[in-house]
Amino acid sequence: MARIGVLIETNEKSVKPANFGVLTAARGEGNEIYAFVLEADAAAFQDGLKAYGVSKVIAVGASDGDFSKKPDLQAAALVAAMKNVEITALLTLSSTRGKDLLARMAAATHSGLALDCIGVDLDAGTCVKPYFAGKTEATLKLSGDLFLCAIRPNAIEETEAPCDITAETFTADVTDDGKLVIKEVKASGSAKVDLSEANVIVTGGRPIGSKENFSILEECANAMGGAVGASRVAVDSGFASHAMQVGQTGKIVSPKLYIGCGLSGSVQHFAGMKTSKVIVAINNDKDAPIFTKCDYGIVGDLFEVVPALTAALKK
Amino acid sequence: MRVYVCVKHVPDTAANIKVVGGSGFDESVKFIVNPYDEYAIGEASKLVKAEGGEVVIVTLGKASAMTTVRAALAIGGDRGILIKTDKQFVESDETALILAKAIEEDGGADMIFAGKQAADSEGMQTCYRLAANLGMPVATEVIGFSYADGKAIVEREIGGGEREVIEMTAPCVVGATKGLNEVKYPKLPDIMKAKKKPVNEMDAGSLKVDALGLVELVSLEQVPERSNAKMLEGSVTEAVDTLVKLLRDEAKVLD
């Protein structure tokens with residue numbers, strides 16, 4: 001048994017559900033879990049965390065007024081917060097923010113780091129992560145002062161383990177060289193539902209034909225509370241924004257259900273969604289390679305099949 | 001300005017990877033410029049065009065990585081540095097120490113670009129470690145870049161429909177990703193010219209860095225493809241009804 005830290009990704013006043021798999025991984029065979037949240041009111045997250053075995057939640061801050069705009073300062077404060085409670089292993093969600101903070105911590109402390117992991121063994125000090133875009137999986141042994149590991153959303157099935165929880169605040173005595181500042185956070189025009197954290201994703205390929213036609217995929221995704229993705233060709237053709245791209249040069253996703261509509265099934269696309277729990281393919285070409293590497297397939301025109309699927313889901 | 005671009009020699013993303021010896025792979029596949037690094041080369045070239053100076057391609061890899069240095073120089077760049085190693089994988093900490101040393105010994109950087117990650121080992125951390133070694137600020141997954149008065153302004157997509165705008169004091173490290181620019185594929189004259197550009201070759205050992213060995217590759221395993229897909233036949237209505245039933249009752253991925 002060890003004491004393990006988990007950096008929690010929050011969504012205003014709530015804990016993002018994607019954290020629960022990370023907490024489950026951290027708990028292992030009964031580890032003690034301390035959760036860290038950044039510049040927030042720790043008590044506000046108690047109820048969301050105690051169901052997953054978190055015994056203490058610590059709000060980490062620094063006296064610098066621009067804490068939220070300085071990722072290097074946040075990383076330094078987290079290192080100090082871990083030291084303060086004698087924690088050497090920290091897990092978090094492999095989101096854009098989680099990856100960034102852990103990489104800053106690892107670089108500043110010369111610690112072992114593995115990002116985008118699909119498994120972790122805290123007793124052995126190892127992580128499992130894809131190499132070569134999911135064609136292979138690597139087992140990595142980390143060493144150094146800290147063990148830092150970010151876990152791909154949805155990679156680990158969550159299980160509850162309720163316990164008592166306390167909340168506290170830690171103000172780190174850290175400073176920053178001021179060479180990097182977040183000036184602004186602006187709307188990018190991309191989808192509100194974060195693709196990499198969605199449980200269900202409906203993706204359109206080249207045959208979708210236009211930006212407007214994506215609405216049939218949106219309706220289908222909405223019927224399942226999911227998000228909409230796009231293939232590289234659909235993005236490069238201007239049918240969808242790059243933020244929606246799934247694949248090697250886009251987002252890596254691992255939803256419970258992935259429905260590919262009009263996708264050929266390229267190696268580079270599979271690099272981004274291969275670890276989905278269930279893959280469904282809809283394509284009018286019965287010889288499309290995707291049918292050889294999916295779980296369920298329907299040969300048919302996506303413009304007929306997708307609306308029919310939406311209707312069937314609503315039944 | 002002296003602008004460095006760190007470029008990695010990686011197997012083609014479409015290549016079949018065959019694991020050999022438990023933690024290595026069969027290298028008899030086509031190798032390419034790491035795809036994310038192409039955006040880095042494009043942005044470095046634009047910056048030098050506007051500000052003057054030179055673009056230097058830096059690659060750590062086997063001797064065969066010379067093809068990638070030349071391919072990178074054909075996309076953009078004035079000269080190259082190839083740091084040779086016999087290792088198939090060099091962990092990020094050691095890579096960053098070697099790159100930092102080579103860049104410093106070459107004269108030091110006014111700006112460094114690299115891809116946000118390598119397409120082979122997908123470590124996503126070399127930019128951060130390189131920046132820390134050189135005392136520079138860093139941002140990765142960058143899709144927008146501008147430079148004025150010693151400051152770089154970069155944009156990165158952070159999910160949830162939002163984009164971060166970050167100001168960094170130069171010199172800094174910028175980790176590029178798709179969206180930063182349109183990759184310009186080199187034409188034959190670019191490829192011919194690239195063959196004549198100077199490339200300084202050295203052995204990684206000559207840089208004498210002290211790596212801690214923070215990440216050890218214990219094993220590499222092939223991931224089997226799924227097979228035996230269940231094809232749903234019948235009319236469109238029958239097929240989708242069956243699918244919904246299977247997703248609910250068999251796969252249990254829908255409520």
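This is a short back-and-forth about a predicted model, asking what lies behind some of its labels.

Me: How many disulfides does a search of the whole structure find?
Reply: Zero, over all chains.

Me: What makes A:Cys117 a cysteine in no disulfide?
Reply: Its nearest cysteine sulfur belongs to A:Cys149 and sits 3.7 Å away. A disulfide needs the two sulfurs within 2.5 Å, so the pair doesn't qualify.

Me: And how do you know that A:Cys294 is in no disulfide?
Reply: For A:Cys294 the nearest cysteine sulfur is that of A:Cys261, 12 Å away. The cut-off is 2.5 Å, so that pair fails too.

Me: Why is A:Cys117 called buried?
Reply: Because its relative accessibility is 0%, and buried means under 20%. A:Cys294 comes out at 1%, so it counts as buried as well.

Me: Let's turn to charges. How many salt bridges are there over all chains?
Reply: The count comes to 34.

Me: Why is A:Asp47 with A:Lys50 called a salt bridge?
Reply: Their closest N and O atoms are 3.8 Å apart. The limit is 4 Å, so the pair makes it.

Me: Where do A:Asp47 and A:Lys50 sit relative to each other?
Reply: They are three residues apart in helix α2 (residues 46-50) of chain A, which means about one helical turn separates them.

Me: Is A:Asp47 buried or exposed, and what about A:Lys50?
Reply: A:Asp47 has 61% relative accessibility, and exposed means over 50%, so exposed it is. A:Lys50 has a relative accessible area of 35%, which falls between the 20% and 50% marks, so it is partly exposed.

Me: What makes A:Asp100 and A:Arg104 a salt bridge?
Reply: Here the closest N and O atoms are 3.0 Å apart, so the pair is within the 4 Å limit. These two are four residues apart in helix α4 (residues 96-109) of chain A, again about one helical turn. Both A:Asp100 and A:Arg104 are buried.

Me: Which residues are linked with A:Asp100 and A:Arg104 in a network of salt bridges?
Reply: A:Asp72, B:Arg156 and B:Glu164 are linked with them, so the network has members from chain A and chain B.

Me: How do you know that A:Asp116 forms a salt bridge with A:Arg152?
Reply: The closest N and O atoms are 2.9 Å apart, and the cut-off is 4 Å, so it counts. A:Asp116 lies in strand β7 (residues 112-117) of chain A, while A:Arg152 is in the loop between β11 (147-151) and β12 (166-172) of chain A, so the pair ties together parts 36 residues apart in sequence. Both partners are buried; A:Asp116 is at 4% relative accessibility.

Me: What is notable about the backbone of A:Asp116?
Reply: Its phi is near 60°, a positive value in a residue other than glycine. Most residues other than glycine have a negative phi, so a positive one is worth pointing out.

Me: Where is A:Glu86, and what is its phi?
Reply: A:Glu86 is in the loop between α3 (71-84) and β6 (89-93) of chain A, with phi near 55°. Its relative accessible area is 68%, so it passes the 50% mark and is exposed.

Me: Why is the peptide bond from B:Ala170 to B:Pro171 called cis?
Reply: Its omega is near 0°. B:Pro171 is found in the loop between β11 (162-169) and β12 (173-176) of chain B. Most peptide bonds are trans.

Technical notes
Residues are numbered from 1 along each chain as its sequence is written. Chains are lettered from A and ligands numbered from 1 in the order in which they are written. This is a predicted model: local features need pLDDT of at least 70, side-chain atom pairs count only at pLDDT 80 or more; totals for chains, interfaces and linings use all residues. Side-chain values use heavy atoms; hydrogens and water are left out. Buried means under 20% relative accessible area, exposed over 50%, partly exposed in between (1.4 Å probe, protein chains only). A salt bridge is a side-chain nitrogen of Lys or Arg within 4 Å of a carboxyl oxygen of Asp or Glu.
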